[in-house]
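Visitor: I'm new to looking at protein models. Could you walk me through this one?

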Amino acid sequence: MADRIKGRPVYLDNHATTAVDSRVVQAMLPYFTERFGNPHSANHFYGWEAAEAVEVAREQVALLIGAEPDEIFFTSGATESNNLALKGVARFYRGRKNHIISCSTEHMCVLDSLFHLEREGMRVTYLTVGSDGLIDLKELEAAITGDTVLVSIMTVQNEIGVIQPIAEIGTLCRAHGVFLHTDAAQAAAKIMLDVKAMDVDLLSLTGHKLYGPMGVGALYIGQKPRVRLEPLFSGGGQEKNIRPGTLPTPLVVGFGAACEIGRAEMDEESARLGRLRDRLLDRINAVGGIHVNGSLAARAPGNLNVSVEGARAEDLIAALPDLAFSTGSACSSVSEESSYVLRAIGVSNERAESSLRFGLGRFTTQAEIDYAADRLVGEITAVRSRKRHAAE
Ligand SMILES: *Cc1c(COP(=O)(O)O)cnc(C)c1O
């Protein structure tokens with residue numbers, strides 16, 4: 001409501017990025033100005049002050065996922081964390097184990113890292129998913145061989161929001177002595193994560209999907225059992241040389257604060273978002289011919305992905321400039337082809353072209369959802385009737 005009054009579209013694209021929480025901004029500000037020290041300056045107060053702030057943030061990030069602080073390595077975001085996990089582990093164990101198992105609906109930064117590794121000689125198995133968007137655990141188990149070093153399966157899918165059974169996957173991987181990596185960019189602070197209970201060895205996070213700043217993230221690297229990996233960069237030894245480079249203290253502080261707030265408010269906030277998401281679905285269901293893509297039950301609370309019969313997503317987006325939502329994922333919308341994720345769950349091209357993704361977030365209000373639902377119902381009806389008249 002407030003946003004519409006200010007004349008800005010209602011923001012329903014929280015999978016692409018989230019606004020930085022003003023509490024996070026406040027926590028960051030001093031580290032741009034008076035507390036500007038290089039956290040790696042070991043000889044004076046400015047360095048110590050920044051280093052201390054970095055270590056507080058490391059604890060905050062660790063706490064969100066049930067890790068130890070010394071298992072958290074700061075990076076520039078989930079793309080880098082995924083690259084580091086996949087290429088780092090593959091290259092370290094190369095020659096001894098040369099097989100990775102992943103899934104066809106992973107984020108493009110995981111898939112592209114794997115394509116790169118295939119060109120380096122790794123063998124990669126891409127598991128398929130059912131129409132619910134979930135992998136088959138039996139298929140996973142059957143794919144594991146003595147040559148398998150790593151399984152990489154995302155926790156929450158960024159287009160359709162489905163939650164993979166990571167704890168079960170973890171049990172399986174542990175039983176076979178295979179490392180498990182999960183891209184949890186869309187899961188952290190939205191659903192409960194505990195790397196120890198879930199037997200996860202590597203986990204990727206990013207600040208800008210949980211109300212922290214862009215340009216900072218982390219890779220959790222488990223120490224029990226110890227995962228070894230080859231760094232992507234060469235440098236001055238920061239982050240135990242796993243990820244050298246000067247840490248951006250203000251971003252790290254903001255990321256830590258965002259994790260702390262996310263953890264404290266997760267239960268209540270997820271319940272609220274689930275209710276708002278269901279309200280949005282109920283209301284747009286009134287027009288009929290709405291199909292939810294992927295499992296509705298195993299889904300992160302802020303996600304809704306639907307195909308609308310008789311209306312192209314392109315036309316609805318053009319007709320609704322007062323709503324900010326997307327079709328497919330922001331990362332793949334630069335390419336013309338329809339979403340590979342929707343194709344993987346068996347959605348036809350026509351349905352994919354009528355798919356809408358809504359991402360609700362911390363600052364989404366019920367008034368905004370009601371407004372969005374009314375506008376959608378109105379424009380879906382209008383687009384369909386224009387189409388009918390054109391056909392007559
Ligand atoms: C956003 C996102 C990424 C990329 O994260 P960046 O921090 O923007 O690099 C990776 N994986 C998933 C699932 C995402 O949603």
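Visitor: How many residue pairs are in polar contact across the interface of domain 1 and domain 2?

Guide: Good place to start, and keep in mind that this is a predicted model. Domain 1 covers 2-20 + 266-391, while domain 2 covers 22-261. Counting pairs across their interface with both residues at pLDDT 80 or more, the rule finds 17 residue pairs in polar contact.

Visitor: And how many salt bridges are there between domain 1 and domain 2?

Guide: A salt bridge here needs a side-chain nitrogen of Lys or Arg within 4 Å of a carboxyl oxygen of Asp or Glu. Between domain 1 and domain 2, the count of such pairs is 0.

Visitor: Which element gives the largest share of the side of domain 1 that touches domain 2?

Guide: Let's look at the candidates. Helix H8 (249-284), strand E10 (303-308) and helix H10 (340-344) each supply at least two residues of that side. The largest share is 4 residues, and the element that provides it is H10.

Visitor: How many residues of that side of domain 1 are charged?

Guide: The side of domain 1 that touches domain 2 includes 14 nonpolar and 15 polar residues. The remaining group, the charged residues, numbers 3.

Visitor: Now for the ligand: how far is a polar side-chain atom of Gln186 from an oxygen atom of the ligand?

Guide: Gln186 is one of the residues that come nearest, out of 13 around the ligand. Thr79 and Thr206, also in that nearest group, each have a polar side-chain atom 2.6 Å from a ligand oxygen. For Gln186, the distance is 2.7 Å.

Conventions: Residues numbered from 1 in each chain as written. Predicted model: local features only at pLDDT ≥ 70, side-chain atom pairs only at ≥ 80, totals over all residues. Heavy atoms only, no water. Domains from an automatic or database assignment. Polar contact = N/O pair within 3.5 Å; in protein donor to acceptor, adjacent residues only side chain to side chain. Nonpolar A, V, L, I, M, F, W, Y, C, P; charged D, E, K, R; others polar. Near = heavy atom within 4 Å.
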